[in-house]
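Trainee: I am new to this structure, and I would like to learn how to read it step by step. Could you take me through it?

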Amino acid sequence: MTGVRLAKHWLNLDEAAIAALPGQLGVYEIADANGGTLELGFAGGRSRFGLRSAIAEAAAKHEAAARFRYEVTMQYWSRFEELLAVYLADHGELPPGNADRGEQRVGRLGAGRIAVQGR
Amino acid sequence: MDFELSTEQKLILETVRRFVREEIVPLEADLDPDASELPPHHRERLVAMTKELGFYGLDIPAEYGGPGIDLTTRTLMAFEMAQHRAGLYAPCYGVFGGAGLAQLYEADDDQKERYLYPVLRGEKRGFFALTEPSGGSDPARAIRTTAVRDGDDWILDGEKTFISGADKADFGIVFARTDPELGRKGITCFLVDTDMPGFRVRRIVHTLRSTHYAAELEFNRVRVPGRNVLGEVNQGFAIANDRLSRNRIPYAAGCVGVALKAQEMAIAYAKTRKTFGDYLSTRQAVQWMIVDNEIDLRTARALTLEAAARADAGKPFRTEAAICKLVASEGASRVVDRAMQIHGGYGMTKDLPLERWFRELRIRRVGEGPNEIQRLIVARDVIGGSFH
């Protein structure tokens with residue numbers, strides 16, 4: 001499933017990096033120091049300062065948050081759904097920060113439903 | 001045609017209107033502007049309400065437990081149900097329930113047990129896969145997905161695109177070519193489970209409509225049992241075609257609904273916003289935009305109701321369905337565009353639903369058959385002859 005992943009450079013999660021973020025809409029991924037994904041999310045139409053505020057707020061929820069990457073897109077909702085589906089197909093579960101969404105509400109990319117859930 | 005509403009219709013519409021304005025619209029203040037789903041606890045609460053009202057499963061035939069509402073009344077309800085931010089593609093966020101896939105009512109008893117009834121119970125979800133990368137406007141000729149008989153089974157190979165809901169479905173209604181020599185008479189409809197080996201959701205297709213997205217599908221030697229043929233072998237296109245005509249009426253009704261709301265918003269704003277010392281509503285330039293909106297709206301509304309009334313009366317309605325889909329999608333696009341112009345900068349923002357409707361209505365001129373195809377259908381019906 002190359003081409004659907006968030007293929008952006010990782011950035012260290014610090015105040016300067018957050019301050020430099022655009023106020024645009026888009027999707028993001030927050031990870032710990034080992035690269036383990038903590039949360040996938042999006043800066044939607046209700047975000048106060050787009051990716052800048054959305055990533056800052058999401059990072060504050062995770063003590064282990066150490067780095068992040070993002071992608072500017074107006075299609076933030078379908079891109080977010082796609083990233084969740086890719087992650088679920090790769091790992092068989094959702095990132096800890098997205099677990100409350102429930103796997104049943106996430107689409108399946110790749111093989112069908114049972115094949116993914118039975119990994 | 002007389003569209004005087006009956007007492008029962010007035011009561012139904014008043015109930016739906018109040019439901020949309022008091023239960024749905026307030027929730028949208030806290031949702032993302034592109035959302036098409038409600039949080040589960042709100043959804044469960046509102047589904048319970050629609051069941052209590054006797055309006056759940058509106059499109060389910062009465063013999064399968066639906067409320068048995070005629071298409072004209074259903075169309076009038078659709079005008080109301082679309083009057084909120086997500087209303088075009090997710091009217092009332094689905095809390096009135098759906099009919100599932102209409103083709104399943106034509107299934108045999110075994111197929112109904114395995115697919116239709118689980119869908120009606122909310123245990124299974126399906127998708128409808130007709131369009132392919134080779135084209136969607138002329139599916140009878142464009143379908144390149146093949147199904148080859150192998151003993152009692154069929155082997156499907158090919159791909160589909162712009163298929164909504166496939167990544168969250170348990171099965172799909174899939175059209176494949178079973179006889180390359182027979183054109184539209186060589187298409188067969190199959191029920192394909194998404195856990196059948198060889199089925200794959202390749203990617204999500206990102207469009208102007210961020211939610212209710214579509215996906216690209218791949219069928220790589222998918223073995224489908226013969227009992228999963230829906231209808232007759234080589235008669236699948238008739239199944240697809242019947243659905244395409246009928247769906248154009250509610251499709252048009254959704255366009256009319258958001259346009260009605262956009263016009264209401266435009267008038268309200270024009271009566272409160274002042275420029276150069278007076279209200280926008282006193283400016284002839286704005287008045288004419290509102291008048292043009294009203295003409296587009298009334299035309300689309302009347303034509304959509306006419307198509308629904310003909311369908312209810314058991315008369316041919318293919319021409320009327322094509323016309324109402326065409327007029328409603330184009331007219332509503334103009335109405336929303338003018339409403340945005342009247343609202344100025346605010347009309348472009350995600351604070352208001354207009355920008356979402358503007359994006360999504362653009363898709364409506366292509367979805368369910370592009371408007372050029374609707375014109376072809378009308379030309380064929382009015383002039384006669386066939387496509388070449």
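Mentor: We will go from whole chains to domains, then to helices and a single residue, and end with the place where the chains meet. Please keep in mind throughout that this is a predicted model.

Trainee: Let us begin with chain A; how many helices and strands are there, and in what pattern do they follow one another along the sequence?

Mentor: A first reading lists the elements and then their order. Chain A holds 4 helices and 4 strands, and along the sequence they come in the pattern β-α-β-β-α-β-α-α. One can then ask how much of the chain is buried, and here 42% of the 119 residues of chain A count as such. Of its contacts between residues at least 6 apart in sequence, 67% join residues at least 24 apart.

Trainee: What do the corresponding values look like for chain B, and why can its radius of gyration be said to agree with that of a compact globule?

Mentor: The idea is to set the value for the chain beside the one expected from its number of residues. For 388 residues a compact globule would have a radius of gyration near 21 Å, and chain B agrees with this because its own value is 22 Å. Its C-alpha trace spans about 80 × 50 × 40 Å along the principal axes. Chain B contains 11 helices and 10 strands, 46% of its 388 residues count as buried, and 71% of its contacts with a separation of 6 or more come from residues 24 or more positions apart.

Trainee: Into which domains is chain B divided, and how many residues of domain 1 of chain B are in contact with domain 2 of chain B?

Mentor: Here one looks at the bounds and then at what passes between the parts. The assignment gives domain 1 (7-100), domain 2 (126-230) and domain 3 (238-383) in chain B. The centres of domain 1 and domain 2 of chain B, taken over C-alpha atoms, are separated by 30 Å, and 6 residues of domain 1 are in contact with 5 residues of domain 2. On the side of domain 1 that touches domain 2, the residues divide into 3 nonpolar, 2 polar and 1 charged.

Trainee: Where does helix α6 of chain B bend, and where is the kink in α1(B) centred?

Mentor: For a helix, one can read its span and then any change in its direction. Helix α6 (residues 236-270) of chain B reaches 51 Å from its first C-alpha to its last, close to the 51 Å expected, and α6(B) bends by about 30 degrees at B:Arg248, with the proline B:Pro250 following within four residues. Helix α1 (residues 7-28) of chain B reaches 31 Å, close to the 32 Å expected, and has a kink of about 30 degrees centred on B:Val20. The buried residues of α1(B) include B:Val16, B:Phe19 and B:Val20, and the buried residues of this helix pack against α3 (71-81) of chain B.

Trainee: Is B:Leu13 buried or partly exposed?

Mentor: One counts the neighbours around the residue. B:Leu13, which lies in helix α1 of chain B, is partly exposed because 16 other C-beta atoms lie within 10 Å. Leaving aside residues up to four places away in sequence, B:Leu13 touches B:Leu76, B:Met77 and B:Glu80.

Trainee: Finally, which helix gives the most to the side of chain A that touches chain B?

Mentor: An interface can be read by counting residues and then asking which elements supply them. In this model, 21 residues of chain A are in contact with 19 residues of chain B. Helix α3(A) gives the most to the side of chain A that touches chain B, with 7 residues, and the residues of that side divide into 8 nonpolar, 7 polar and 6 charged.

Notes
Residues are numbered from 1 along each chain as its sequence is written. Chains are lettered from A and ligands numbered from 1 in the order in which they are written. This is a predicted model: local features need pLDDT of at least 70, side-chain atom pairs count only at pLDDT 80 or more; totals for chains, interfaces and linings use all residues. Helices (H or I, at least four residues) and strands (E, at least two) are DSSP runs, numbered from the N terminus. A residue is buried if 20 or more other C-beta atoms lie within 10 Å of its own, exposed if 12 or fewer, and partly exposed in between; C-beta atoms are placed from the backbone. Two residues are in contact if their C-beta atoms, placed from the backbone, lie within 7 Å. The expected span of a helix is 1.5 Å times one less than its number of residues. The bend at a residue is the angle between axes fitted to the seven residues ending there and the seven starting there. Domain bounds come from an automatic or database domain assignment. Ala, Val, Leu, Ile, Met, Phe, Trp, Tyr, Cys and Pro count as nonpolar, Asp, Glu, Lys and Arg as charged, and the others, Gly among them, as polar. The radius of gyration is taken over C-alpha atoms; the globule rule is 2.2 Å times the number of residues to the power 0.38.
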